[in-house]
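Visitor: Could you take a close look at the loops with me? I would like to see how their backbone behaves and then where they sit in the fold as a whole.

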Amino acid sequence: LTVTAAASKTTTLLLRLLQPLTLTLSPPLAPTLTSASTSSKRMMASQATAATSTSTSRTYNDAIDALNSLQTPFAVIEARRKAGIKPGATSIQEMRTYLARIGYSGHDLDRLNIVHVAGTKGKGSTCAFVDSVLSRYHKAHGLPRRVGLFTSPHLVAVRERIRIDSAPISEELFARYFFDVWDRLAASPATDTDTDVVPPGSRPIYSRYLTLMSYHVFLSEGVDAAVYETGIGGEYDATNVVERPVASGISTLGIDHVYVLGDTVDKIAWHKAGIMKPGSPAFTIEQVPAAAKVLRDRAVEKSVDLKVLDIDPRLAPVKIRPDANFQKKNATLAIALAEAALSKLDPSFSPKPDSPLPQEFVDGLEQVVWRGRCEVKEEAGVAWHVDGAHTVDSLKMAARWFVEECVERRKPGPKVLIFNQQGRAEAVGFLDGLCNTVRGADPDGVGFKHVIFCTNVTYAQTGYKRDFVNHQINPKDIEKLTAQHAFAERWSALDPSANVMVVPSIEEAITKARNLAETLEDGEKVQALITGSLHLVGGALQILEGADAL
Ligand SMILES: Nc1ncnc2c1ncn2[C@@H]1O[C@H](COP(=O)(O)OP(=O)(O)OP(=O)(O)O)[C@@H](O)[C@H]1O
Ligand SMILES: [Mg+2]
Ligand SMILES: [Mg+2]
C-alpha cells in the first residue's frame, strides 16, 4: 500500500511539474543557454531531479526551475478569465492549510512582528524605507534582533524577494528553504483534515509559494521584525494570513489589476483595506476621496484606529530621493510603521512627533537602497536612466524626472527611449503621457530622437535568464512582437519625427542604444530612458551589470 501510494504521489508530482511546461514552452520562452527543444528537455530533467533528489544536492537553479513550474500558464489564466474565476475568500484558508502542512500555526507568525503594507503604488518603496530604518535601529540598539523583508516582484533575482538584514538571502539558503517547503508539502499526509481545502501533496502557485517559504525562512532564521509587501490587493492576498501584525500601512491607491480587484478606486480600496486588523494600528496617507471613504468605512467596521497622515514635518531636513511628493508620502508612512514596530519591540522607544527624527530614522530614509527606481548609471557613451514605472501616472513622473536629469545635470545628447510593457492591452495608452511629458518638460520642446520597443526577453541568443522565465504571457505575442509593433505604430503617430525601432530582446535594445553613441558629436552622450516595466528594468540591469547586479 505504502509503495503504491508513494509511486502514485511521484507520478502526480511529475505530471504536475511537466504539465505547465508542455502547455507553454516555446522558443522565445526557453530559459537556458541552448536551443529551445534541448533547453526545455533540460529544464524538465532538472525539475525531475529537483523533485526527487536529496536537499543537499539541489541547487538554486533547481529551485528556480521548480518554482517556475508553479507559474499559472497563459492558457489557464485565459480560461479562468473567460469563466470569470478570481481569487476569493478561499485563498486565505488555502494558505493556512499550506502553512499548517509545513509545520506552522497562524500563531507562530506573531513571532515575526509583521509590518504589513498594501497599496497600488509605493508599497515596495515604503517597505524598503521601513526595513532600512529598522536595520539602522538594530545597528545602534541591538533591536530588533533580525529584520526580514518580503517584497515583489524581484528585479534581477528571485532571492531578492526574501531579505534578512536588508540583504537577499544567499543562493544556498534559498535552495535549502525552498526544498524544505517543497518536501514538506509533498509529504503532507493523506489523513490531513483539510484535504477538501487543498489536495494532499499539492503546492500553491508561484507568488504564494514564495510567501509561504518566506515565513519558513524568517521563523527558522530568528527574524523578530518582518516587513511584508502584499502581492495583489490585500483581503485575499497570500500575505494576509497574518492575524496580528504590529501595524498595517496603505500606500497610494489608484487603478491597477482591474480584473482581480475591480475597475474603480473604491472597489480597489476595499481589497487593500483588508489588511487592517482589529487590535493593530493602521496608517495611510492622503488618498483620492473615493478611496479615503472606503478605507475609513472599513476601519470603522473592523474597529481599527486608522490614522491618515499628512507629510511628516520632521522630514523637512531629510534628503529623500527622489525629492518628490509621492516619495515623501511613502517616507511618512514608513516612519509611522517603523515607530509602531519599535514601540512594540523596544520598551525604551517611544515616538516623539514634536522632536527631530532620531538619527537612525534619518540615516535609514536617506541611505535606503531600492534599485530600478529613478536610477542613473553612466558609461562611456551612454547615460542610462532607469525607472520601473508601469502605470499612466508613474510614467509621467518618470518622464519629468528624466528630463530634469538631462537638463540640469548632464551634457547634451540625443534622448533615446527603451520601453516595454508586456501582457496589458491598455499599455499602448501609456505612451501619450510619456511622449508629451518629455516634450513638455524639455525647455526646447525636444522629445525622444530614437525610440526602441523590445520584449522582456533578456538575451538575444539564449532567451530569458532563469529568474525571469514567464509562462503567464501569450508566447505567440512574444514571437510576433505584437505589443511592440502596436507601440511603434502609436509612437510614430504621436511623433512622426522620431526614429522608431522594434527588437526582440532587451539585450538588442541596449546594443542599439550603445551603437547610437558612435554617431555623437564631441561632448555628447546618449541620454537613454529605460522604463515601462520592472521586468524590463531588471533585465536591463542584469545586462548592464552582469553578476554585480544584485
Ligand atoms: N506613492 C506613490 N505614488 C505614485 N507613484 C509612486 C509612488 N511610489 C512609487 N511610485 C512610482 O512607482 C514605481 C514603483 O514603486 P514601488 O516599487 O514602490 O511600487 P509598488 O507598489 O511596490 O509597485 P508594484 O505594483 O510593482 O509592486 C516607482 O518607480 C515610482 O515611479
Ligand atoms: Mg502592482
Ligand atoms: Mg512592489
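Guide: Gladly, and one definition comes first: helices (H or I, at least four residues) and strands (E, at least two) are DSSP runs, numbered from the N terminus. This is a predicted model, in which local features need pLDDT of at least 70 and side-chain atom pairs count only at pLDDT 80 or more, while totals for chains, interfaces and linings use all residues. Residues are numbered from 1 along each chain as its sequence is written, and chains are lettered from A and ligands numbered from 1 in the order in which they are written.

Let's start at S303, in the loop that links α11 (289-301) to β8. The phi angle of S303 is near 55 degrees, a positive value in a residue other than glycine. Most residues other than glycine have a negative phi, and most peptide bonds are trans. S303 is exposed because 9 C-beta neighbours lie inside 10 Å; a residue is buried with 20 or more other C-beta atoms (placed from the backbone) within 10 Å of its own, exposed with 12 or fewer, and partly exposed in between.

C374 also has a positive phi without being glycine, here near 45 degrees. You will find C374 in the loop between α13 (359-366) and β9. With 19 other C-beta atoms within 10 Å, C374 counts as partly exposed.

Two loops hold a cis peptide bond. One runs from L143 to P144, with omega near -10 degrees, and P144 belongs to the loop between α6 and β2. The other joins R321 to P322, again with omega near -10 degrees; P322 lies between β8 and α12.

The loop of P144 also holds R145, just ahead of β2 (147-150). R145 is exposed, since 12 other C-beta atoms lie within 10 Å. Leaving out residues up to four places away in sequence, R145 touches G222 and D224, where contact means C-beta atoms, placed from the backbone, within 7 Å. As for D312, 167 residues along the chain from R145, the two C-alpha atoms are 27 Å apart.

Now for the sheets that these loops lead into. β2 and β8 belong to an open sheet of 8 strands with mixed pairing, in the order β4-β3-β2-β5-β1-β6-β7-β8; two strands pair if DSSP finds at least two bridges between them. β4 (167-168) and β8 (306-309) are the edge strands, each with a single partner, so one side of each has no neighbour in the sheet. Next to β2 runs β3 (residues 162-164), antiparallel and joined to β2 by 3 bridges. Within this pairing, G148 has I164 of β3 as its bridge partner.

The loop of C374 leads to β9, a member of another open, mixed sheet, with 6 strands ordered β9-β10-β14-β11-β12-β13. The edges here are β9 (375-378) and β13 (499-502), each with one partner strand, so one side of each is left without a neighbour. From one strand to the next, the twist averages 20 degrees. Inside the sheet, β11 (residues 415-419) and β14 (residues 526-531) are parallel partners over 5 bridges, and I418 pairs with I530 of β14.

Helix α18 (residues 506-516) packs its buried residues against β10 (382-387), β11, β12, β14 and α19 (534-545). Among those buried residues are I506, A509, I510 and L516.

Finally, step back to the domains, whose bounds come from an automatic or database domain assignment. They are domain 1 (2-81), domain 2 (91-366) and domain 3 (375-548). Domains 2 and 3 both contribute to the shell around ligand 1, so ligand 1 lies between them. That shell has 21 residues, with G122, K123, G124, S125 and F326 the closest; a residue belongs if its C-beta atom, placed from the backbone, lies within 6 Å of the ligand. Two or more shell residues come from each of α6 (123-141), α12 (325-345) and α14 (392-408). The biggest contributor is α14, with 4 residues. So the loop of P144 and R145 follows a helix, α6, that helps to surround ligand 1, and the loop of P322 leads to another, α12.

Conventions. Axes fitted to C-alpha atoms, helices over the stretch in contact; angles between N-to-C directions. Contact = placed C-beta atoms within 7 Å.
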